[in-house]
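User: Got a minute to go through this one with me? I'd like to start with one residue and work outwards.

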Amino acid sequence: MYGDNPYVEAVFENFLTYKNKFSGVISEHTGGVTYYNMTAIDNNLVSMEISSGDESPFGTARILDCKIVGYVEELYEYTGDIHVGIVTERGEGMMIDGVHFYNFNHDNEKYYAIKTCSKCDNCKRGGYTTVT
């Protein structure tokens, strides 16, 4: 936990990620990080994954005003995998606001806009709530 250290926000903004074979953006054990105005297009498994944002005060791990595209027909390749827009953290307190999801409805594969990391196969930490 952040303990006695003062909270200092880090902002990653105006970033484009596309056609990655795993995740477009991924972070682990981060604190007050805001991902702002990012665009993620046609990433293979996950567009944005923040698996634990518990190193800072409640509500300071944030994804704001981003655009996430599940697939682009001209770039589409069948992989047989699931595709997730955002994987939220294993704990509570992450904030997602102003995020727009496009093309999460391909007939051949499974597309999910939001999934919680607490359900990951290697984690099994409980039933944290995702509210939309």
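User: Leaving aside its neighbours within four places in sequence, which residues is Thr-60 in contact with?
Analyst: This is a predicted model, and in it Thr-60 touches Tyr-7, Gly-31, Gly-32, Val-33, Thr-34 and Gly-93, not counting neighbours within four places in sequence.

User: And where is Thr-60 found?
Analyst: Thr-60 is in the loop between strand 6 (46-50) and strand 7 (62-64).

User: Is Thr-60 buried or exposed?
Analyst: Buried. Its relative accessible area is 11%, and the cut-off for buried is under 20%.

User: Thr-34 was on that contact list. What is Thr-34 the bridge partner of?
Analyst: Thr-34, in strand 4, is the bridge partner of Val-11. Strand 1 and strand 4 run parallel and are joined by four bridges.

User: What order do the strands have in that open sheet?
Analyst: The order is 1-4-7-10, so four strands with parallel pairing. Strand 7 is also one of the two strands flanking the loop that holds Thr-60.

User: Which strands stand at the edges?
Analyst: Strand 1 and strand 10 (95-97). Each has a single partner strand, so one side of each has no neighbour in the sheet.

User: What does the twist average from one strand to the next?
Analyst: The average is 10 degrees.

User: Switching to aromatics. How many aromatic pairs does the structure hold?
Analyst: Four. One of them is Phe-12 with Tyr-35, a stacked pair at 5.8 Å centre to centre with 15 degrees between the planes.

User: Which strands do Phe-12 and Tyr-35 lie in?
Analyst: Phe-12 is in strand 1 (residues 10-13) and Tyr-35 is in strand 4 (residues 33-36). The pair therefore ties together parts that are 23 residues apart in sequence. Those are the two strands joined by the four bridges, too.

User: What's the relative accessibility of Phe-12, and is Tyr-35 buried or exposed?
Analyst: Phe-12 comes out at 46%, which counts as partly exposed. Tyr-35 is buried, at 6%.

User: OK, and how are the planes set in the Phe-101 and Phe-104 pair?
Analyst: That pair is edge-to-face, with 80 degrees between the planes and 5.7 Å centre to centre. Phe-101 is partly exposed at 28% relative accessibility, whereas Phe-104 is buried at 17%.

User: Which residues do ring pairs link into a cluster?
Analyst: Phe-101 and Phe-104 are in it, along with Tyr-71 and Tyr-111.

Terms used:
Residues numbered from 1 in each chain as written. Predicted model: local features only at pLDDT ≥ 70, side-chain atom pairs only at ≥ 80, totals over all residues. Heavy atoms only, no water. Buried < 20%, exposed > 50% of the residue type's maximum accessible area, 1.4 Å probe, protein only. Contact = heavy atoms within 4.5 Å. Phe/Tyr/Trp six-rings, centres within 6.5 Å; stacked < 30°, edge-to-face > 60°. Pairing = 2+ DSSP bridges. Axes fitted to C-alpha atoms, helices over the stretch in contact; angles between N-to-C directions.
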